[in-house]
Amino acid sequence: MNIPDKIGIVDTGSNTILGVVFRWDERRKSYRCFSLSDGLTVHAGLLRYVSDGKLSKEGLSVLSDSLKKIRAFFERMGVPEKLVYCFATASLRGVKNFPEAKEQAAEEGFSMTLLSGEEEARCDLAGMLQELSFLEQDQDSSIRFPEAGIAADMGGGSGQILCFSDRKKDCKNPEPDGFGSFPIGCLALKKRFVSADRTADGTTDGIAPSDRELESVRAFVQHEIESIPMIASLDPKSEIPPAFFAMGGTVKAIVRLLEKTGKPVSSPDQPGRTFFSVETLTQAIAFFRTPAGKALIETNEPGRKETLVIGAVSLLAIARRIGAGEITVLQSGVREGFVVRHCNPNV
């Protein structure tokens, strides 16, 4: 079988649009992204342009301009147009004029697939299972993950919550034991709860949500996820809390900022595993709201300056509700799972 050495993935999200090159890994028999230089991130913020259930003309223009940049990126990387796969998630799910967005993508050379909330959750689970398996199989790895747990993919428009009890399921066609797709992405929460004309420090860019606004975020997130029976049955004060995994751009940005502040996100006993405690996250949120913390975000994560604190509070709300003491951060997510389910050859 003649397997192309690389393919391109376009992930059209609510906050960012990413173009990523995946290269064939013969040892793993899977396409994988090996380097940050193999990706381009455009902070498009499409959800900002959705009003009355439609993506505005300005939003369609932003989508088109973003895809132009990503098309040029793939051309530079030598990925043929026929080997580029494009999908959208909560950014365009449910908008009345999705056909117009699909047409804009087609004009830039991309055939856009719209993932349902259910399929997005399955892709998240597939990507997660593959990463956990790879981490455990690495030579001299001492990492062993629990067979059961809960995972959250924190996006811009939505958040997927997955409950699983058996990690040895078929990675390509996994079915979570419980899942839900909720409007708890950082940009969706900002749009719903954070005032556009008043913030705690007098600015209007959403960078400093008030205590009351963040409490509304916390309460909303916990109320939403309660609809998953496995979540509702959990006692947050249990002595044996479930393992908790987190994916998505928000949590990766939190890790990068924690590293900037000197907070440990790994352990010599488990090289390759990235994690932080819920207490560390609590302290980080408090710091991110200070002048020094806001400056750190603006310098290192400028594209997330309006949403990072909100996303971190959303993640903390989930962790508190399920009683988790720490959060294991995964690099994989919907993109990797999409590749596993829809792009990997049957080898």
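A residue counts as partly exposed when its relative accessible area falls between the buried range, under 20%, and the exposed range, over 50%. Arg 93, with a relative accessible area of 25%, is therefore partly exposed. Keep that scale in mind as you look around this predicted model. The tour below takes in salt bridges, one buried valine, two residues with positive phi, and a pair of helix crossings that both involve helix H5.

**Salt bridges**

- There are 17 salt bridges in the count for this model.
- One of them pairs Asp 11 with Arg 335, whose closest N and O atoms sit 2.9 Å apart. Asp 11 belongs to strand S1 (residues 6–12) and Arg 335 to helix H11 (residues 334–342), so this pair ties together parts that are 324 residues apart in sequence. Both Asp 11 and Arg 335 are buried.
- Another salt bridge joins Glu 120 and Arg 93, again with the closest N and O atoms 2.9 Å apart. This pair links distant parts of the chain, 27 residues apart: Glu 120 is in helix H3 (residues 117–137), while Arg 93 is in the loop between strand S7 (84–88) and helix H2 (98–107).
- How do the two partners sit with respect to the surface, buried or partly exposed? Glu 120 has 4% relative accessibility, so it counts as buried, whereas Arg 93, at 25%, is partly exposed.
- Glu 298 and Lys 305 also meet through their side chains, in a salt bridge of 3.7 Å, N to O. Glu 298 is partly exposed at 39% relative accessibility, and Lys 305 is partly exposed with a relative accessible area of 25%.
- Beyond pairs, there is a network too: Arg 48, Lys 190 and Glu 306 are joined into one by salt bridges that share partners.

**A buried valine in strand S2**

- Look for Val 21 in strand S2 (residues 17–25). Its relative accessible area is 0%, so Val 21 is buried.
- Which residues does Val 21 touch, leaving aside its neighbours within four places in sequence? The contacts are Lys 6, Ile 7, Arg 32, Cys 33, Asp 38, Phe 73, Phe 74, Met 77 and Val 79.
- Take Phe 74 from that set: Val 21 and Phe 74 are 53 residues apart in sequence, yet their C-alpha atoms are 7.7 Å apart in space.

**Two residues with positive phi**

- Lys 29 is not a glycine, but its phi is positive, near 60 degrees. You'll find Lys 29 in the loop between S2 and strand S3 (30–32). With a relative accessible area of 40%, Lys 29 is partly exposed.
- Asp 52, also not a glycine, has a positive phi of about 55 degrees. Asp 52 is placed in the loop between strand S5 (50–51) and strand S6 (54–55). Is Asp 52 buried or exposed? Its relative accessible area is 67%, so Asp 52 is exposed.

**Helix H5 and its two crossings**

- Start with H4 (residues 186–193) and H5 (residues 211–225), whose axes come within 10 Å and cross at roughly 120 degrees. That angle makes H4 oblique to H5, and the crossing is right-handed.
- From H4, the residues making this contact are Leu 189, Arg 192 and Phe 193; from H5, they are Glu 213, Ser 216, Val 217, Phe 220 and Val 221. Sorted by class, the H4–H5 contact has 5 nonpolar, 1 polar and 2 charged residues.
- Now turn to H5 and helix H10 (residues 308–322), which pack at an angle of about 45 degrees with their axes 9 Å apart. H5 and H10 are therefore oblique to each other, and H5 passes H10 in a right-handed crossing.
- On the H5 side of this contact are Leu 214, Val 217, Arg 218, Val 221, Gln 222 and Ile 225. They meet Val 309, Ile 310, Val 313, Ser 314, Ala 317, Ile 318, Arg 320 and Arg 321 of H10. By class, the H5–H10 contact divides into 9 nonpolar, 2 polar and 3 charged residues.
- Val 217 and Val 221 of H5 appear in both contacts, meeting H4 as well as H10.

Note on methods: Residues are numbered from 1 along each chain as its sequence is written. This is a predicted model: local features need pLDDT of at least 70, side-chain atom pairs count only at pLDDT 80 or more; totals for chains, interfaces and linings use all residues. Side-chain values use heavy atoms; hydrogens and water are left out. Axes are lines fitted to C-alpha atoms, for helices over the stretch in contact, and angles run from 0 to 180 degrees between N-to-C directions. Helices (H or I, at least four residues) and strands (E, at least two) are DSSP runs, numbered from the N terminus. Angles under 35 degrees count as roughly parallel, over 145 as roughly antiparallel, 65 to 115 as roughly perpendicular and the rest as oblique. A crossing is left-handed if the near helix is turned anticlockwise from the far one by less than a right angle, and right-handed if clockwise. Contact means heavy atoms within 4.5 Å. Ala, Val, Leu, Ile, Met, Phe, Trp, Tyr, Cys and Pro count as nonpolar, Asp, Glu, Lys and Arg as charged, and the others, Gly among them, as polar. A salt bridge is a side-chain nitrogen of Lys or Arg within 4 Å of a carboxyl oxygen of Asp or Glu. Buried means under 20% relative accessible area, exposed over 50%, partly exposed in between (1.4 Å probe, protein chains only).
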